[in-house]
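This report is meant for a reader who meets this structure for the first time. It begins with the charged side chains and then turns to selected loops and to a pair of strands.

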Amino acid sequence: MTFFWIISFFLLQDTEAFLMKNARFQLCLQASQMNGKLLLEDCNPESELQHWSWQGDSLVNHGTQSCLSAVGADSVHTHPCGTTGSTSWDCSNSLLSPLGSSQGYLVASRKGVTLSNGRGLKAQWQDVADRSVCEEKAEQHKYFPAALSSTQGYEHTAALGMEQAELEELLWFFRREDPSTWNYSILAFSFLALILGLLLLGINISRNRKRKLQKQQAVAQTPQQEAELEAKQAMMPVQQENSSAEPGKQEPLPQDQRSGEVLVQWKDGTITSLYTERSEDAM
């Protein structure tokens with residue numbers, strides 16, 4: 001049971017704490033670290049011994065981490081939470097009374113705090129904003145079920161026999177751990193990732209430029225090659241005509257050959273006219 005209250009305290013320690021100021025004396029309820037007695041002192045928001053908070057139906061002092069409890073018929077002290085001596089409190093008409101008991105209401109007097117049936121200003125407890133402590137309970141009560149469900153996750157820790165001091169140190173370590181190292185590490189990794197991304201981007205850009213230049217050179221060479229090929233194809237018939245004309249060169253005609261005259265070359269190499277025209281004189 002003690003383990004339950006320790007867990008509840010650490011889970012709810014960030015809930016808003018308040019001062020319990022008596023409406024009659026305008027003094028705040030303060031716990032004592034020595035013997036569990038309760039005192040009425042001038043309100044001091046800086047004092048943890050005057051800070052109280054609701055945890056379920058219990059009033060917990062933040063300075064002593066103990067609960068407001070009724071001892072005997074009319075005596076009120078602070079007692080370790082979760083033990084048989086701790087007391088749950090009920091709000092009836094904005095007055096505090098032990099839950100399930102008819103001992104009376106929490107009342108302030110010149111000697112301290114006690115239980116009485118009085119319902120005047122002495123039995124009214126407020127915060128520094130003059131709001132009833134019962135209103136604080138209604139506001140913070142919604143956080144307590146979440147704390148109860150969260151404590152189930154720590155049952156295995158209790159089963160291992162972890163001491164209260166070790167548990168408190170562990171909880172405070174995770175609550176107060178400085179996240180600067182983690183933040184700086186994430187920042188460094190982000191910077192390295194940025195540099196790597198820029199490097200890859202530069203390599204990709206340079207390769208794309210090389211590809212574009214190669215494509216442009218290929219496109220520029222294609223028309224030139226086509227023109228050279230066409231020129232070669234155009235020169236080929238001329239060369240063929242010249243080559244065919246060279247082996248069969250015709251012998252030049254004799255100078256005395258006349259037009260329309262047919263010449264015959266004989267085997268012995270002599271050339272004569274096929275038809276001998278009659279001379280005009282013979283006619």
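## Salt bridges, loops and a hairpin

Across the whole structure, which is a predicted model, a search finds 4 salt bridges. One of these is formed by Asp57 and Lys137, whose closest N and O atoms lie 3.1 Å apart. The two partners belong to distant parts of the chain, 80 residues apart, since Asp57 sits in the loop between strand E5 (51-55) and strand E6 (58-61), while Lys137 is in helix H2 (residues 133-140). Asp57 is partly exposed, with a relative accessible area of 29%, whereas Lys137 has a relative accessible area of 12% and is buried.

Two further salt bridges involve Arg131. With Asp127, the closest N and O atoms of the pair are 3.5 Å apart, and with Glu136 the side chains meet at 2.6 Å, N to O. Because these salt bridges share partners, Asp127, Arg131 and Glu136 are joined into one network. Within this network, Arg131 is partly exposed, at a relative accessible area of 28%, while Asp127 is buried at 5% and Glu136 is likewise buried at 2%.

The salt bridges described above can be set side by side as follows.

| Salt bridge | N to O distance |
|---|---|
| Asp57 and Lys137 | 3.1 Å |
| Arg131 and Asp127 | 3.5 Å |
| Glu136 and Arg131 | 2.6 Å |

### Residues in the loops

The loop between E6 and strand E7 (66-71) holds His62, and Gln65 also has its place in the loop between E6 and E7. Is His62 buried or exposed? With a relative accessibility of 14%, His62 counts as buried, because the cut-off for that class is under 20%. The side chain of His62 is joined to that of Ser53 by a polar contact of 2.8 Å. Gln65, for its part, counts as partly exposed at 38% relative accessibility, and its phi is positive, at about 55°, although the residue is not a glycine.

A positive phi is also found in Asp130, another residue other than glycine, where the value is near 60°. Asp130 is placed in the loop between strand E13 (125-126) and H2, and with a relative accessible area of 48% it is partly exposed.

### Strands E3 and E4

Strand E3 (residues 28-31) is covered on both of its faces. On one side Cys28 and Gln30 are buried, and on the other side Leu29 and Ala31 are buried as well. How does E3 pair with strand E4 (residues 38-41), and over how many bridges? The pairing is in the antiparallel sense and runs over 4 bridges, with Ala31 standing opposite Leu38 in E4. Together E3 and E4 form a hairpin with 6 residues between the two strands, and in the turn Gly36 has a positive phi of about 80°.

### Bringing the parts together

Helix H2 holds Lys137, the partner of Asp57 from a distant part of the chain, and the loop that lies between E13 and H2 contains Asp130 with its positive phi. Elsewhere, the hairpin of E3 and E4 includes a strand, E3, whose faces are both covered.

Note on methods: Residues are numbered from 1 along each chain as its sequence is written. This is a predicted model: local features need pLDDT of at least 70, side-chain atom pairs count only at pLDDT 80 or more; totals for chains, interfaces and linings use all residues. Side-chain values use heavy atoms; hydrogens and water are left out. Buried means under 20% relative accessible area, exposed over 50%, partly exposed in between (1.4 Å probe, protein chains only). A polar contact is a pair of N or O atoms within 3.5 Å; within protein, one must be able to donate a hydrogen and the other to accept it, and residues adjacent in sequence count only if both atoms are side-chain atoms. Two strands pair if DSSP finds at least two bridges between them.
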